[in-house]
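Here are some notes to read alongside the structure, in the order I would go through them myself. I hope they are handy at the bench.

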Amino acid sequence: NELKHSHEKEVNDIKQTMTQALQEEVQTKCDQVKEEIKSKYEEDVLPKLRTEMEQQHTQEVERVKSEIASSSLQSLETKLKEVKERHEMEITIELEQQFQSLQTKHEEEMVQLKQQHTVGMEEK
């Protein structure tokens, strides 16, 4: 009975030792695979991903710059048109005022000339 008990203990010890050795081997293999994956990721995937993201960022920046430039250009064109229209209106008003002033002056001169002519005729 004691022999049987001793034998079972020995078998259990062997099982435990083998199980522990197997677990250590599995853990070592897992660590190796993790390290390989990490290394591959850092060497291959990460640089490609970084490059791709940088390209996307650059494209997005260029798109936004283009939108801003386009928007600014449209805004400037609108402002320029408004300024041009305002200047044309101011010039038109100024010309009309000058025309009125000249017309009034001309009419006054005509009245004076008629009066001078009338006075001159009366004197003759």
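1. A good place to begin is the trio Glu60, Arg63 and Glu67, which are joined in a network of salt bridges. Please keep in mind that this is a predicted model. In total, the structure holds 6 salt bridges.

2. Next, look at Lys40 and Asp44. The closest N and O atoms of this salt bridge are 2.7 Å apart. Both residues belong to helix α1, where they are 4 residues apart, or about one turn of the helix. Asp44 counts as partly exposed, because its relative accessibility is 32%.

3. Toward another part of the sequence, Asp13 pairs with Lys9 in a salt bridge whose closest N and O atoms are 3.4 Å apart. How far along the helix are the two from each other? Asp13 and Lys9 are separated by about one helical turn, because they are 4 residues apart in helix α1. Asp13 is partly exposed, at a relative accessible area of 35%.

4. Glu90 and Arg86 make a salt bridge too, with 3.7 Å between the closest N and O atoms. Here again the partners sit in helix α1, 4 residues apart, about one turn of the helix. Glu90 is partly exposed at 43% relative accessible area, and Arg86 is partly exposed at 42%.

5. Away from the charges, there is a nonpolar patch on the surface. Which residues form the nonpolar patch? They are Tyr41, Val45, Leu49 and Met53, and together they offer about 360 Å² of accessible area. Tyr41 is located in helix α1, which covers residues 2-123. With a relative accessible area of 38%, Tyr41 is partly exposed.

6. Now for the overall fold: the chain has 1 helix and 0 strands. Its radius of gyration is 51 Å, well over the 14 Å that the globule rule gives for 124 residues, so the chain is more spread out than a compact globule. Taken along the principal axes, the box filled by the C-alpha atoms is roughly 175 × 30 × 10 Å.

7. What share of the 124 residues is buried? Buried residues make up 0% of them. The accessible surface of the chain is about 12,100 Å², and 56% of that belongs to carbon and sulfur atoms.

8. A last point on charge: the chain carries 18 positive and 29 negative charges, and the mean positions of the two sets are 3 Å apart.

How values were computed: Residues are numbered from 1 along each chain as its sequence is written. This is a predicted model: local features need pLDDT of at least 70, side-chain atom pairs count only at pLDDT 80 or more; totals for chains, interfaces and linings use all residues. Side-chain values use heavy atoms; hydrogens and water are left out. Patches are made of residues with over 30% relative accessible area and no salt bridge: like charges are joined within 9 Å, nonpolar side chains (Val, Leu, Ile, Met, Phe, Trp, Tyr) within 5 Å. Accessible areas come from the Shrake-Rupley method with a 1.4 Å probe; for residues, only the protein chains shown count as cover. A salt bridge is a side-chain nitrogen of Lys or Arg within 4 Å of a carboxyl oxygen of Asp or Glu. Buried means under 20% relative accessible area, exposed over 50%, partly exposed in between (1.4 Å probe, protein chains only). The radius of gyration is taken over C-alpha atoms; the globule rule is 2.2 Å times the number of residues to the power 0.38. Lys and Arg count as positive and Asp and Glu as negative; His and the chain ends are not counted. The place of a charge is taken as NZ of Lys, CZ of Arg, CG of Asp or CD of Glu.
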